[in-house]
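Please open the model in your viewer and keep the selection tool at hand. The stops below are meant to be followed in order, each with something to select and something to look for.

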Number of protein chains: 2
Amino acid sequence: MEKLREKIIEELIRALGDPSRILTEDFDLFSYSFDASFGVFKPDYVCQPLETAEVVSIIKLAGMYEIPVVARGTSTSLSGGPLPIKGGIVLDFSLWNTKLEIDPENLTAIVSPGVITADINEKADEFGLFYPPDPSSAHVSTIGGNLAENSGGPRGLKYGVTRDYVLGLEVVTAKGKVIRTGGSTVKNVTGFDLTNLIVGSEGTLGIITEAILRLIPKPVATKTAMVSFDDLVDSGRAISKVLRSGIMPSKMEIMDQHSIIAVEEHALLGLPTDVEAILLIELDGHPLALEKEMELVSNACMMVNARHVQVAKDDHEAAQFWRARKLVSPAIAKIKPTKISEDATVPRSKIPEMFQQLKRIREKYNLHLVVFGHAGDGNLHPNIIADARDKDEMRRAEKAVEEIFETAIRLGGTLSGEHGIGNMKSPFMEMELGKDGLHMMRLIKEAWDPQNILNPGKIFPEPGQGFELSHD
Amino acid sequence: MEKLREKIIEELIRALGDPSRILTEDFDLFSYSFDASFGVFKPDYVCQPLETAEVVSIIKLAGMYEIPVVARGTSTSLSGGPLPIKGGIVLDFSLWNTKLEIDPENLTAIVSPGVITADINEKADEFGLFYPPDPSSAHVSTIGGNLAENSGGPRGLKYGVTRDYVLGLEVVTAKGKVIRTGGSTVKNVTGFDLTNLIVGSEGTLGIITEAILRLIPKPVATKTAMVSFDDLVDSGRAISKVLRSGIMPSKMEIMDQHSIIAVEEHALLGLPTDVEAILLIELDGHPLALEKEMELVSNACMMVNARHVQVAKDDHEAAQFWRARKLVSPAIAKIKPTKISEDATVPRSKIPEMFQQLKRIREKYNLHLVVFGHAGDGNLHPNIIADARDKDEMRRAEKAVEEIFETAIRLGGTLSGEHGIGNMKSPFMEMELGKDGLHMMRLIKEAWDPQNILNPGKIFPEPGQGFELSHD
């Protein structure tokens, strides 16, 4: 066995021609054994490729020895996407951030997989352009990970998610072939949409080595309002009311009372802690239009019993409002050490009911359950704050999360709005997709990766696999 | 053979329980043998299903007897999508227009496959909502066909194409299983994106029996300008210039001099026939913003030598401008009886070069080649006007079309922006996708439809298949 390992290491070094980018020492491997979810799984080898040809060589090697290959950026995944749960080779793409080309004539960006998401928008901004997807981790996550997981973010409401900005991909298949999907045109109906198939497939169908992204002209201005509600259900109604007034906000985020209190205890921003919810609503567009549109938004909110609508008088005050939302995660993380962040998503009209159900689940399992998130598109983030060392609490958390999933699906929603399935949610796939729906996905996986070397153990449930947060 | 046919007819009648929706007479079959492209292929049977269970029964029957099944709406396809080129059963969905439900809370529409595309937007409009995809055939085409071909239209520039408005599908697989893909939430990353895989797959992977579409708030107002250019290449430069001025028009359409002259001869609208191109630019949004934005658009166009910018003073005048664009197709169809409409698409920055190449191709093959289309997203419609009875002219047209495809791909574009591949363009698939890219598509087709009963002979080239317009 040791001999085989040595042989594989030798061949990996030959493939990359650079031993410094092959990591095999135990302490190195350990740093690649976790992400922002719960499992800990050590890879056998870590490679840091810097070009497509290297990825091809590694994949071919993996096929030859039938060992798993798992791509990884900066491992901010909340669902276990980059965990090497069956060992094998981790492809660390975080060094491969060499290409970030903005083409202002074509409104595109060409990027290598290790580019940090926020850097794309920053570079686009220099040309008056805009890359809308904004996962909360954008300043640390890589675009490769965003593509693999189809990341979302607050702007999903108006602008859609990562996949809505992908025109084309370069992909290395399980057989080590390099294919190009899509292209650099907005319209393309030449055969099956492999681009969208690969985006969100969590590295199970191919390894993305380059992407052509779509940019749009940057909105001229934004305007933000903070709206408070005595009744959580009214805040849910406000979302539909605003959208039906003919306005599509660029963001519409919610914080429930537990989030508000946590933030206030953390940072003393002067938020009203006696309200059941705050909606943060951002409009973007031409300044002349924003003024009028914000009036309509205010009226819509007041019609469903908002207590108070406070429109930020300038960008500085708007930034203050958004700071409250940004502080929710750090604030609740201070309460207890273990934060279980879910992204069950429901149709907008079901948000009030989902709130009621979450309240029931909180009480039933006696947990510290906080709700915030992208209310405008139904993508809530129920977060359970717990302590992983408290086994009993973790069991209750597991049961609560299961019930959150079941509730979301029963309300016509989905297991995952933007975090992905990974190994964490795979036991629930059949509940949402049905046996036949899941089977059709499996057929694609088997046809494209018959040896099951690409990120095995993800998306598809393993026989007998249950939902586990504690891994003991 | 006759006996088998009788048996199949009998079983189809049993499956639908309604003989009036099974058509088998020769004159009926003939009316299902063509679309808006060039081939003529008679089906063996036509069924007019009105519910999913009927489609399941028919597919199972087709599998048992190994006969092709081809779905069809109103057959406006320009690439042969609904042609039963290997005979078999045509599923005529045009009667199944029973469901068109707008859900204003969730901003969705649920539709059955036979609903006319324009009816969706009309119904959405009653709720202040908007279904943006607008293929030119929207008033006659069905949504099922639009989904199968991923139809585009002028609004693609700002709003994207059909797939950008599909949240979920009900699909009958080749094995007669009913699956649901996606859902009714905007965000959904639960497993592979089967929704986008099936949209645009031209009925080769499954039969769509219901769709959940995404609607958006209706833009408050629009404003249109007609901009004329002495130099075609300048009109191409104007497109980038406008987009770089921070504005995303809702439509940006081009008519070259040949189109302008044809329309003028047809309808005497007072268009300038001595310019090389006209751009029609529509902005949408809040009226206060439109005023300012139109100024920026005008300035951008003048900076690249526009001869004249005429902004419509009201909606009535705007409608007049758009009438010119709408008349291009009927006007050129009067010149000669055979209209070969292509949709080769190039990156925006290559539009000026594409224009030069099209001019060269026009001269090289001595053809009546007219160019118009969705310039803003690079999706041009080079149209060759010919007479199918003139064999020599048709041969030259075939060669010219081949050269148009080659040129588009060489410029980084695609074979098809919005018309689909069908049987017409399949011989060119490998040229764009490469052997390996096409192979990955074929693997999916084989895994999902191992008997090859779903719309066989489409998308994938048959051995030795060449490009043919004349079919003699």
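Select Met252(B) and Ile281(B) in this predicted model: Ile281(B), in strand 14 of chain B, is the bridge partner of Met252(B). Strand 13 of chain B, running antiparallel to strand 14 of chain B, is joined to it by six bridges. Now turn to strand 12 of chain B, which is also antiparallel to strand 14 of chain B and shares nine bridges with it; within this pairing, Met226(B) stands opposite Leu280(B).

Stay on strand 14 of chain B and colour its residues by accessibility, since nine of its nine residues are buried. On one side are Ala277(B), Leu279(B), Ile281(B), Leu283(B) and Gly285(B), on the other Ile278(B), Leu280(B), Glu282(B) and Asp284(B), and both faces are covered.

Next, widen the selection to the whole sheet in chain B, an open sheet of seven strands with antiparallel pairing, whose order is 15-12-14-13-17-18-16. Strand 15 (306-311) and strand 16 (338-341) of chain B stand at the edges with a single partner strand each, so that one side of each has no neighbour in the sheet. From one strand to the next, the twist averages 20°.

At the strand 16 edge, look for the four bridges that join strand 16 of chain B to strand 18 (residues 379-386) of chain B, the two running antiparallel. Selecting Thr338(B) and Ala386(B) shows one pair that stands opposite across these strands. Then add helix 14 (residues 391-410) of chain B, which packs on the sheet and touches strands 16, 17 and 18 of chain B, its direction making about 170° with that of strand 18 of chain B.

Helix 11 (residues 315-326) of chain B is the next selection: it lies across several strands of chain B, including strand 12 (221-229), strand 13 (251-256) and strand 14 (277-285), and runs at about 50° to strand 12 of chain B.

Which residues touch the most other members of the largest nonpolar core? They are Leu213(A), Cys301(A), Trp448(A), Leu213(B) and Cys301(B), in a core of 195 residues. Helix 15 (residues 429-448) of chain A gives the most to this core, with nine residues. For a closer view, select Cys301(B); setting aside neighbours within four places in sequence, its contacts are Val227(B), Phe229(B), Ala238(B), Val242(B), Ile281(B), Ala306(B) and Val309(B).

Move now to chain A and select strand 17 (residues 368-374), which is largely enclosed by the rest of the structure because six of its seven residues are buried. Two bridges link strand 17 of chain A to strand 13 (residues 251-256) of chain A, which runs antiparallel to it, and Gly373(A) is the bridge partner of Ile254(A). Seven bridges join strand 17 of chain A to strand 18 (residues 379-386) of chain A, again antiparallel, with Val370(A) opposite Asn383(A). These two strands of chain A form a hairpin with four residues between them, and Gly378(A) in the turn has a positive phi of about 80°.

Finally, select residues 38-218 of chain A, which an unreviewed UniProt entry annotates as "domain: FAD-binding PCMH-type". Over this stretch the chain is 22% helix and 24% strand, with the end C-alpha atoms 38 Å apart.

Before closing the session, consider the confidence scores: chain A averages a pLDDT of 94, with 99% of the residues scoring at least 70, and the model scores ipTM 0.96 and pTM 0.96.

Methods
Residues numbered from 1 in each chain as written. Chains lettered and ligands numbered in written order. Predicted model: local features only at pLDDT ≥ 70, side-chain atom pairs only at ≥ 80, totals over all residues. Heavy atoms only, no water. Pairing = 2+ DSSP bridges. Axes fitted to C-alpha atoms, helices over the stretch in contact; angles between N-to-C directions. Contact = heavy atoms within 4.5 Å. UniProt positions renumbered as here; feature names shortened; annotations may be inferred. Core = buried A, V, L, I, M, F, W, Y, C linked by side-chain atoms within 4.5 Å. Buried < 20%, exposed > 50% of the residue type's maximum accessible area, 1.4 Å probe, protein only. pLDDT = per-residue confidence, 0-100.
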